[in-house]
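Please look over the model shown below before reading the exchange that follows.

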Amino acid sequence: MRKELFLLASILLFSTSTYIKEADASSQHLYANYLSANNIAAIQHSIMTNAINTFEGSLANSLSGQSNILRNKKRTKKEDPKDLYGRLPLYGTMHLYGEYGDDGFEKDVNVKGRNGGDEYGRPVLNSMWLNWNHFDEDTKFQNYDVLDSDYDLIMLGFAGGEAQLGIGISEWGFFGGYTGGQQTNDFINIEENGGYIGFYSGYNIQNFNLSFAINAGSLYNNAENIYGSDKYANTWAGAALNATYNIRLDDTFTLQPGFYAGYTWIGSADYISISNENISNKNFNVFEITPSLRAIKHVGKGWFGYIGVKYVFTSTNGGDIMVDSINYDKLDINNYSEYGIGIEKSIDKFNISFHINRHDGGRYGWNGGFNLKYIF
């Protein structure tokens, strides 16, 4: 009798767990658009911060008072500036007298200065760069299974228009690229592929840098679940403002506090799912505030390194989900922290850097990549 009761209980438990699993699966795939929209918010943070950091210049540029260091520091034969600080000037540096042809030596008509007032103008572009990042992290939502997010971000940018404006230096640039990857758990697998374009403008007054960027993009998604695949698309447009200030502690060590604020509008798709549900998704509004701090150090022979930390505060509005006229609860995403390290080296007109970061909180895992810049 006991064996029969135990067998019956086991069958009921297995049936109940199977039902729960199927029920979870049947509800989880309805959030596919919400999941991809939230991932766009994280991708957008990476696009904007990578673009802004690259346009602002190299780690060498961030050393406060660098032009004065190079001009006034006494050198020995073993302390050549190229060995100590790499090739200068780089895009984004504080500028030395004579760099714009204001010392009276650039008179040849074939030599084009970079000064906005130069009779013969300046090169339209000052630099171009390629950036690649890979992300392998988990995304946590309340009342939802953790998603494994694995994706890549590729960016190509051009910088130009660098000119004297008042007491500072203004600049502009444009960029674009590709993003692709997948988010997956036991119930859903979302494959995502998309592209984006953007514009950058910045203003530098020695130790202070203010940057502004806008961009727009599209993401095409294929969400696989127990019923089949749902296909839908997202579009987005956003703007970001970033301010940093360099605090020089000595000739080779700088602290750089920063503040980033961003807004992203994400267009969401309505579609009929493979399981024949009518899914209506409202558009998202994502707001982000991110304080940050970097410690930048020249470690010798033109090599630079940094250690950085920041905290990403994210707030969303909209994104309501209606399934067959029934309103579903939205998923809540948590804030997250990021901390990482990076190294950089300039060789002639090339600048290359590598970095690796750790996320913890609402998103946790690793990301890393490199940046290659060519200065004209």
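The questions below concern one charged residue, the nonpolar cores and an aromatic pair.

This is a predicted model, in which local features need pLDDT of at least 70 and side-chain atom pairs count only at pLDDT 80 or more, while totals for chains, interfaces and linings use all residues. Residues are numbered from 1 along each chain as its sequence is written, and side-chain values use heavy atoms, with hydrogens and water left out.

Q: Which side chain makes a polar contact with the side chain of Glu192?
A: Glu192 is buried yet has no salt bridge, the nearest side chain of opposite charge, Arg363, being 7.7 Å away. Here buried means under 20% relative accessible area (1.4 Å probe, protein chains only), and a salt bridge needs a side-chain nitrogen of Lys or Arg within 4 Å of a carboxyl oxygen of Asp or Glu. A polar contact, a pair of N or O atoms within 3.5 Å of which one must be able to donate a hydrogen and the other to accept it, is made at 2.9 Å with the side chain of Gln183.

Q: Which helix gives the largest share of the largest nonpolar core?
A: This core, a set of buried nonpolar residues joined through side-chain atoms within 4.5 Å, has 45 residues. Its largest share, 13 residues, comes from residues 32-56, which form helix 2.

Q: Why is the pair of Phe55 and Trp129 classed as it is?
A: Rings pair if their centres lie within 6.5 Å, with planes under 30 degrees apart counted as stacked, over 60 as edge-to-face and the rest as tilted. The centres of these two rings are 5.4 Å apart and their planes lie at 85 degrees, so the pair is edge-to-face.

Definitions and conventions:
Buried means under 20% relative accessible area, exposed over 50%, partly exposed in between (1.4 Å probe, protein chains only). Lys and Arg count as positive and Asp and Glu as negative; His and the chain ends are not counted. Helices (H or I, at least four residues) and strands (E, at least two) are DSSP runs, numbered from the N terminus. Rings of Phe, Tyr and Trp (its six-membered ring) pair if their centres lie within 6.5 Å; planes under 30 degrees apart count as stacked, over 60 as edge-to-face and the rest as tilted.
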